[in-house]
Structure formats: structure tokens, C-alpha cells
Amino acid sequence: PVCSMGNSTSRLYSALAKTLSSSAVSQHQDCLEQPDSARLDPIDPKDLLEECQIVLQKRPPRFQRNFVDLKKNAASNHRPIRVMQWNILAQALGEGKDNFVQCPLEALKWEERKCLILEEILAYKPDILCLQEVDHYFDTFEPLLSRLGYQCTFFPKPWSPCLDVEQNNGPDGCALFFLKDRFKLVNSANIRLTAMKLKTNQVAIAQTLKCNETGRLFCIAVTHLKARTGWERFRSAQGCDLLQNLKSITQGAKIPLIICGDFNAEPTEEVYREFSNSSLNLNSAYKLLSPDGQSEPPYTTWKIRPSGECRHTLDYIWYSQHALNVNSALGLLTEEQIGPNRLPSFNYPSDHLSLVCDFSFNQDPDRLL
């Protein structure tokens, strides 16, 4: 039948063919309603990567990025936990609202762009994946990543700007994925952030996981704060609300914490200082790439809009520095790699760079509290 998954040798008509484009959804209701058991047949990441590479044949190859070793002779008795943070750029916003004036529309075609996104994820093999601006969760990321062994959670924005775009694919939101063979879900909270006592359009997911190998608990959170200049106090209020929620979930930092997010805030903003000075004893992992360990990267997003060039540091991975060590972090793309037309491009699918860190548990976390 048309809707059978096929086996991994059927290449393009297997995994990727099942991630329907929004225009195809109505014509393929029968495919969407297939039984879970068929949909959840495991797929080999190598097979999926090959399928992506076939789709991407005409595009330039992936950029090379290297991990920077940050271990300070800290011996770890367990496999590191790899965490990936990425605002992948909502398809509806990329095509309909964001006005990347130097990016050809051809470069934003979903059928190819989704393969660039998947290729990036498959290249770094995160144990935990935190994404923002996900508007193809149900037709792409959940069906594929669940078959790669991830447990998947999605929390859409209540009033997503994607819904204003014709032929949208539903609302965008935050998504959190973790490998079921490495972690067990203990607790999950979908948080709608408040500011000045009012519910806002921004959300977070916070999950307490138990590491199967060590038995240790930790909390992983993903969020995406309000965008635009002029909204600094609003972001600050959202940050305070998120920190309050996380204090409760982690019992005041007894449970180690990792927070991934597009904060839409430079390090000079109040919300950044709130996280830096929180009683949760957080540090920003990417500061460790700087020579003095005190400065954020020069950019995590770089694009050209009608108003001009936008080069900002907005994305962060925060972690409990008393309980966790950062073993390594993925270096950023250089200006030369990004190129004069900036992001997104035929080479890179989003206007934000992915951040990836390897964490290990501190042997004696209480000593440093």
C-alpha cells in the first residue's frame, strides 16, 4: 500500500517520505492515521542520514565545526551527556515573515531545509535535544526522532505568529527530546510564562530525568523568550517566572539543572544577569570557550533584514556549576564560513547557530553549594 513505511533500503520512500508537507496533509489522511506500531519502527540513523544526503546532493556540504575540550582534569565515571540547543527557524516565519533579504527563497524550501536540520542533529547525536520555533513537530520531528529512540515533547505558543502566515503548518513552539535508552522521565512540566502577573505567549518545558547509568536525577528545561527591542523588562519578568518555576522543580537546586534557550537577550540585558546571579548557581556553558571563561561568544545569530545586519548573542545553555562539569563545547561557525549573505543559506538551515555541550556529573556536588 502507498502508506507502508517500507524498509530502510527503500531510501527516499521510507523515513523522509513519511514527513508530509503541509499541502500534502489533507490528501494523505490515511497515512497520518496509520497505527503507532508501524510509525514507530526503529530507523538506523545512518540510513536517515543517507536519505538526507541524497535530497541535499545539489547543496554545498556541511560546514566543519570542532568540539573544544574544556575538561579541567575532571575524571568522570560515566559517559558524558550531550545536550544540543537550537532555534531551527519556523518554516512559516522563514518563508512568510522574517524577510531574510539576502537568502534566496529556494534555500528555504522545506523539503530540503528539513534535511539540513536533520543532518545537523544526526551529525552531533545529542542525548538531549532542545529546539525552538518548531512548526513541523507532528509531521516531521516527532515521527522521525521517536523512531531514532527519542522520547518527544512539544509545547506550542498559545498565539503563534506562524498562524498569520498563509499555508502555515500550525503553531510553533518549544520541543524537547531525550534518548529513552539513557534516561527515564520522572516528571514533566509545560510552563506558560507570566510577566507582571499576566500569562504571556512564551512557553517552557521542564523535565526531570533519571540517568540510567548513574541513577542521578537532573532537570532539563527549554524556553524561548519574547523577541524584539523594547521588550527588555518583559523578558526580565519572564526570566524571573521561569527561575521561580525551576527553583520549585529542582527543590532549590538540589536537583542539577540545564536550561537551553533562545533568550532573545544579549548578555547586557537584565534577564541575563538574573540567570547569572540566581540562587540556582548557574553558569553559561559557552562562556567557557572564551580565553578568560567570562565572555559570551560574539554571536549566536547572524542575518540580514531590510533594516540591516543583525549580529547578536541570544542563545544560551545554562547549567548548575556546583553539580555539573562542561567537558566540551562545539565551536561556532566563523564569519568566513557564514559568508557575506549571512544566515540562513544553502549551507545552513537556520538564522541561529546550534549550541552543543557535553556534561558530566560532579562527583561531590554538595561540597560546592
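How many of the 11 residues of helix α7 are buried? The count is 10, so to speak of α7 as mostly covered is fair. We'll come back to that helix after a look around the rest of the protein. Keep in mind that this is a predicted model.

**The overall picture**

The protein has 10 helices and 15 strands. Of its 369 residues, 57% are buried. Among contacts with a separation of 6 or more, 77% are between residues 24 or more positions apart.

Two open sheets are worth finding on screen, and here they are side by side.

| Sheet | Strand order | Pairing | Average turn between neighbouring strands |
|---|---|---|---|
| Seven strands | β1-β14-β15-β2-β3-β5-β4 | mixed | 20 degrees |
| Six strands | β6-β7-β8-β9-β13-β10 | mixed | 20 degrees |

**The seven-stranded sheet**

Start at the edges, which are β1 (67-69) and β4 (150-156). Each has a single partner strand, so one side of each has no neighbour in the sheet. Elsewhere in this sheet, β2 (residues 81-87) runs parallel to β3 (residues 128-134), and five bridges join the two. If you'd like a landmark there, pick Trp-86, whose bridge partner in β3 is Leu-131.

Helices pack on this sheet too. One of them is α6, which touches β1, β2, β3, β14 (324-330) and β15 (355-361). The direction of α6 makes about 160 degrees with that of β2. Another is α7 (residues 137-147), which touches β3, β4 and β5 (173-179). Its direction makes about 160 degrees with that of β4.

So which residues of α7 are buried? They are Tyr-137, Asp-139, Thr-140, Phe-141, Glu-142, Pro-143, Leu-144, Leu-145, Ser-146 and Arg-147. After α7 comes Gly-149, with a positive phi near 100 degrees.

**Where α4 meets α6**

Besides touching the sheet, α6 has a helix for company. The axes of α4 (residues 45-55) and α6 (residues 110-124) come within 9 Å and cross at roughly 140 degrees. That angle makes α4 oblique to α6. As for handedness, the crossing is left-handed.

Which residues do the meeting? On the α4 side they are Pro-45, Leu-48, Leu-49, Cys-52, Gln-53 and Val-55. On the α6 side they are Glu-111, Glu-112, Cys-115, Leu-118, Glu-119 and Leu-122. Sorted by class, this contact has eight nonpolar, one polar and three charged residues. A bit of background helps when reading such lists: an α-helix has 3.6 residues a turn, so residues three or four places apart point the same way.

**The six-stranded sheet**

Now for the other sheet. Its edge strands are β6 (183-195) and β10 (282-284), and each pairs on one side only. Inside the order, β7 (residues 198-211) and β8 (residues 217-224) pair in the antiparallel sense over seven bridges. Thr-208 is a handy residue to click on, as it stands opposite Cys-219 in β8.

This sheet has a helix against it as well. Helix α8 (residues 232-249) lies across β6, β7, β8, β9 (257-262) and β10. It runs at about 145 degrees to β6.

Note on methods: Residues numbered from 1 in each chain as written. Predicted model: local features only at pLDDT ≥ 70, side-chain atom pairs only at ≥ 80, totals over all residues. Heavy atoms only, no water. Axes fitted to C-alpha atoms, helices over the stretch in contact; angles between N-to-C directions. Helix = DSSP H or I, 4+ residues; strand = E, 2+ residues; numbered from the N terminus. Parallel < 35°, antiparallel > 145°, perpendicular 65-115°, else oblique. Left-handed = near helix turned anticlockwise from the far one by under 90°. Contact = heavy atoms within 4.5 Å. Nonpolar A, V, L, I, M, F, W, Y, C, P; charged D, E, K, R; others polar. Pairing = 2+ DSSP bridges. Buried < 20%, exposed > 50% of the residue type's maximum accessible area, 1.4 Å probe, protein only.
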